[in-house]
Amino acid sequence: MNDCIFCKIINDEIPSQKVFEDEHLVVFKDISPKAPVHLLVVPRKHIASLNEADESDRELMAHVMLTIPKIAEQAGLQAGYRTVLNTGKGGGQEVFHIHFHVLGGGPMPFA
Ligand code: 5GP
Ligand code: ZN
């Protein structure tokens, strides 16, 4: 049984405000935004954190990184944005399904 909240969002088992999705990833608004624009870029594959990503995830991780600028442009972040990846409890990670934060749209700094 999978209790992962982001897997449930990906599978539409719990609601979210999705702004983009493709075969490999889903992007939705953070429920508790730390910036005027705060998006979470989440691979569909359940990888607990960067520490659990392996060689088989190389293309997926590259795809995620290379999709972020397109998502940022679509979100109106032409002025720039901050991309954050928290890893492990000591890194501030609270949801153990790997995700990038994309923050922008106002004065820095963001969380
Ligand atoms: P982390 O600390 O793991 O890097 O970030 C987890 C983020 O997920 C937090 O910014 C938090 O606000 C967000 N979050 C937690 N639960 C939910 C949820 O159910 N829906 C959405 N949209 N965001 C969530
Ligand atoms: Zn998951």
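**Close-up views of a predicted model**

**View 1. Phe96 and its surroundings.** Phe96 sits in the loop that runs between β4 and β5. The model is a predicted one. Phe96 is classed as partly exposed, because its relative accessible area is 33%, a value between the limits of 20% for buried and 50% for exposed. Apart from neighbours within four places in sequence, the residues in contact with Phe96 are His46, Ile47, Ala48, Gly88 and Lys89. Glu23 is 73 residues away from Phe96 along the chain, and the C-alpha atoms of the two are separated by 21 Å.

**View 2. The zinc ion (ligand 2) and its protein donors.** Four residues supply donor atoms to the zinc ion (ligand 2): Cys4 and Cys7 through SG, and His46 and His97 through ND1. The donors lie 2.0 to 2.3 Å from the ion. Along the chain, their spacing reads C-x2-C-x38-H-x50-H. Cys4 belongs to the segment before α1 (5–10), whereas His97 belongs to the loop between β4 (82–84) and β5 (100–104); the pair is 93 residues apart and links distant parts of the chain. The angles subtended by the four donor atoms around the zinc ion (ligand 2) are 105 to 117°, so the arrangement is tetrahedral; the criterion is that all angles lie between 85 and 135 degrees. Two of the donor residues can be placed by accessibility. Cys4 is buried, with a relative accessible area of 10%, and His97 is buried as well, at 0%. His46 also appears in View 1, as one of the contacts of Phe96.

**View 3. The five-stranded sheet.** The sheet is open and consists of five strands in the order β1-β2-β3-β5-β4, with antiparallel pairing. At its edges are β1 (18–21) and β4, each of which pairs on one side only. Direction ignored, neighbouring strands of this sheet are turned by 20° against each other on average. Helix α2 (residues 58–74) packs on the sheet and touches β1, β2 (25–29), β3, β4 and β5. The direction of α2 makes about 155° with that of β3.

**View 4. Strand pairings from β1 to β5.** Strands of a sheet pair through backbone hydrogen bonds, in either a parallel or an antiparallel manner. β1 and β2 form a hairpin, with three residues between the two strands. They run antiparallel and are joined by three bridges, and Phe20 has Val27 in β2 as its bridge partner. Next in the sheet order, β2 and β3 pair over five bridges in the antiparallel sense. Here Val26 stands opposite Val42 in β3. Strand β3 (residues 37–43) is also joined to β5, by five bridges, and the two run antiparallel. His38 stands opposite Leu103, which is in β5. Of the five residues of β2, four are buried, so this strand is largely enclosed by the rest of the structure.

**View 5. The aromatic pair Phe6 and Phe28.** One aromatic pair is found in a search of the whole structure. Its members are Phe6 and Phe28, with ring centres 5.3 Å apart and planes at 80°, so the pair is edge-to-face; planes over 60 degrees apart fall in that class. Phe6 lies in helix α1 and Phe28 in strand β2, so the pair ties together parts that are 22 residues apart in sequence. Both rings belong to buried residues: Phe6 has a relative accessibility of 7%, and Phe28 has one of 2%.

**View 6. Backbone geometry at Asp12.** Asp12 is located in the loop between α1 and β1. Its phi is near 60°, a positive value in a residue other than glycine. Asp12 counts as exposed because its relative accessibility is 59%, over the limit of 50%.

**View 7. The peptide bond between Met108 and Pro109.** Met108 and Pro109 are joined by a cis peptide bond, with omega about 0°. Pro109 is part of the segment after β5.

Note on methods: Residues numbered from 1 in each chain as written. Chains lettered and ligands numbered in written order. Predicted model: local features only at pLDDT ≥ 70, side-chain atom pairs only at ≥ 80, totals over all residues. Heavy atoms only, no water. Donors = N, O, S within 2.8 Å, 3.2 Å for Na, K, Ca; no water. Tetrahedral: all angles 85-135°; square planar, octahedral: opposite > 155°, others 65-115°. Buried < 20%, exposed > 50% of the residue type's maximum accessible area, 1.4 Å probe, protein only. Pairing = 2+ DSSP bridges. Axes fitted to C-alpha atoms, helices over the stretch in contact; angles between N-to-C directions. Contact = heavy atoms within 4.5 Å. Phe/Tyr/Trp six-rings, centres within 6.5 Å; stacked < 30°, edge-to-face > 60°.
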